[in-house]
Structure formats: C-alpha cells, structure tokens
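Okay, thanks for squeezing me in, everyone. I'll put the sequence and the structure up, and then we can walk through them together.

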Amino acid sequence: EFLYFIGDLSQRNTHLQTSTCQPMTEAVDVPFPNRKLVPAESIGDDETPVVIASCGSYNPIHTGHIAMFTDAKAALEAGTAKPASIPGAVRVVGGFLSPVNDGYGKAGLAKAPARIALCEAALEDNDWISVEPWEAAQPGFVRSYVVLSRILEKAQAEYAQMGAAGARVASRLRIVFLCGADLFESFYRPGCWELGLLRRIFTEMLLLAVCREGSADPRDRMRAAEPLTHKDSPGVTLDMAQFTDNVAVLQALDGKCASSTLVRTRLANG
C-alpha cells in the first residue's frame, strides 16, 4: 500500500520569502523531460489535457510522493476531484516533479544532484511521471510560479511540434499545481509568497489541494477570507474568493502517512 504525507508538498514555501533564500540570477538551460508525455493522437478533442506538477524538497523522495501523483491523476480523470472551471473530461498527459534548488536554504537539505538521482531512480519504471531538473540546476532559488509556468510552456511547445493533433492539444493544455494542505495555508501567511506571482498562479493555473480526511475544505476559507495585500506588493490585491473554481480538493485517507523526515531519521539510525 502506498503511503503519503500531506506536509511533504508543503515544506517548500514555509520560509521561501525569507532572506535565507538566494534568488536566481540567470537561467541555465536544461533539456525538458518530454519522453513520457502522452502522444497527441491518443488525446480526444473533447478532453481537457492537463499536466500535474509539484515543487518540493524531495529530501528524499519516497513512495508517498508518487502515491499523491497517482491518486491525483485518478481523481482528476474520474472527475471526483476536478476544478469546476474545467469543462468535460480531464486527460492527464504527464506528471512533473521538481526538486527545489539548493538556494532554498533549508537545514539538512541534501545537494540537488543526490536528490535528483534518487528521484530519477524512483521514477525509472513509472510511465507518466518525470523528474524536471531545471529548477535545481539554476544558480539560485526559483519561485514556484516560474517553475510551473516553464513546465507548462515547455509541454505546450512539445505538443505544438506534433502536427495538427498536437497543435490542438497545445492550445488546450493546462497545468495542475499539486500541493498539500499546509502549503495552501501558507498562501495566507504575510510575506511567504510574492503576491503578484501568487495571483498569477490562481489566475493562470489550476490547483489540486490534498487534505487530510475530515479536514476543512480550503475553498471555504477562500470564500471567507479578506482580500490579501502586502506592503512588499503595493497596489496588488488578491481576492481568493474569485478563484475557487480553479481549485479542487482530494481527501487523503487517514493512516496513509509517511515523511521524508522519517526516512532520513531511519537511515541515520541504520
């Protein structure tokens, strides 16, 4: 049985806006992992194609991370956890896991080459989830919006090269940001996210929040929350209530828990 831990996809942004994070200074080109994308010819014109992506430490990756992707794909395609703004059926055409850059500055964070190697080994036999190493290869910390938008743009470009069928897929392709409940809560934490970029995530992308079974629906808080503002983003306001249709919720079963921290502890203890 797969296990997963809701916090694993939440750890990335708990302190990402602090001075410990070194911003990216220039982009390093890295080939896009396109090998596992679903062929354009097999995607129906009545389906909304999506790629699922997550950003996290993966320190290290474990079966829980893969299980979250697997459950998310199943729920999106079955329609049991689908953003209301998506019409009709969903077709997941690929999944991308992006290990955080070393510039994130988290204590105990293993070097990116080691984390990427473990991710690639864990996903070697997986037929639809790929490791996206671009973020980790950059000279400094990269914000989530930049990572996610690049994944979408690269996937669109791949499909655009696949003839008429590919062009149709590229024009409809969306990205689903897979995140844990704790990460979702960090959206409301002053200074934790650059407000203009967070607004672009909610405006341009879809989100799938994985919550513990029986916990509050994060969309309820979105509807009730006051519009977000921050002194570092003068003139920018984010009214979360406007974007509930771009968010879906996946309930995680109690007992399906594991964590990278637990894995590291057990490895250290032999």
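I'll start with the overall picture, then go through a helix pair, the core, the cysteines, one odd loop and a few single residues.

So, before anything else: this is a predicted model. The protein has nine helices and six strands. Of its 270 residues, 52% are buried. As for how the chain folds back on itself, take the contacts between residues at least 6 apart in sequence: 81% of those join residues at least 24 apart.

Okay, the helix pair. Look at helix 4, residues 144–160, and helix 5, residues 163–172. How do their axes sit relative to each other? They come within 7 Å and cross at roughly 155°. Anything over 145 counts as roughly antiparallel, so that is what helix 4 is with respect to helix 5.

Which residues make that contact? From helix 4 you get Gln156, Tyr159 and Ala160, and they meet Gly163, Gly166, Ala167, Val169 and Ala170 of helix 5. If you sort the contact by class, there are five nonpolar residues, three polar ones and no charged ones.

Let me stay on Val169 for a second. It belongs to helix 5, and it counts as buried because its relative accessibility is 1%. Leaving aside residues up to four places away in sequence, Val169 touches Ala40, Ile43, Pro49 and Tyr159. There's also a long hop along the chain here: Glu41 is 128 residues away from Val169, yet their C-alpha atoms are separated by 9.2 Å.

Back on helix 4, have a look at Lys154. Lys154 is partly exposed, at a relative accessible area of 32%. Its C-alpha is separated by 9.6 Å from that of Pro31, with the two positions 123 residues apart along the chain.

Now the core. The largest nonpolar core has 49 residues, and the ones touching the most other members are Tyr159, Phe177, Phe184, Phe187, Phe202 and Leu207. Helix 4 gives the most to this core, with seven residues.

If you want one residue to click on, I'd pick Phe187. What does it touch? Not counting residues up to four places away in sequence, Phe187 touches Phe177, Trp193, Leu198, Phe202, Leu207, Leu228 and Met240. And then, apart from that core, there's another one of 31 residues, including Ala72, Ala75, Leu97 and Val176.

Cysteines next. How many disulfides does the structure hold? Zero. Take Cys179: the closest cysteine sulfur belongs to Cys211, and it's 8.3 Å away, which is too far for a bond. To be called a disulfide here, the sulfurs would have to be within 2.5 Å. And are these two buried or exposed? Cys179 is buried, with 0% relative accessibility, and Cys211 is buried as well, at 2%.

Right next to Cys211 in the sequence is Arg212, which lies in strand 5, residues 206–212. Arg212 counts as partly exposed, with 35% relative accessibility. Its C-alpha and that of Leu250 are separated by 8.5 Å, with the two residues 38 apart along the chain.

Okay, here's the bit I'd look at if you care about backbone geometry. Most residues other than glycine have a negative phi, and most peptide bonds are trans. Now go to the loop between strand 1 (47–56) and helix 1 (63–78), where you'll find Pro60. The peptide bond running from Asn59 to Pro60 is cis, and omega is near 5°.

Tyr58 is in that loop too, between strand 1 and helix 1. What about its phi? It's positive, about 50°, although Tyr58 is not a glycine. Tyr58 also counts as buried, because its relative accessibility is 2%.

Last stop is Thr244, in the loop between helix 8 (218–224) and strand 6 (247–252). Is Thr244 buried or exposed? Buried, because 11% relative accessibility falls under the 20% cut-off. If you skip residues up to four places away in sequence, Thr244 touches Arg219, Met222 and Arg223.

That's my tour, and I'm happy to spin the model around for anyone who wants another look.

Methods:
Residues numbered from 1 in each chain as written. Predicted model: local features only at pLDDT ≥ 70, side-chain atom pairs only at ≥ 80, totals over all residues. Heavy atoms only, no water. Axes fitted to C-alpha atoms, helices over the stretch in contact; angles between N-to-C directions. Helix = DSSP H or I, 4+ residues; strand = E, 2+ residues; numbered from the N terminus. Parallel < 35°, antiparallel > 145°, perpendicular 65-115°, else oblique. Contact = heavy atoms within 4.5 Å. Nonpolar A, V, L, I, M, F, W, Y, C, P; charged D, E, K, R; others polar. Buried < 20%, exposed > 50% of the residue type's maximum accessible area, 1.4 Å probe, protein only. Core = buried A, V, L, I, M, F, W, Y, C linked by side-chain atoms within 4.5 Å.
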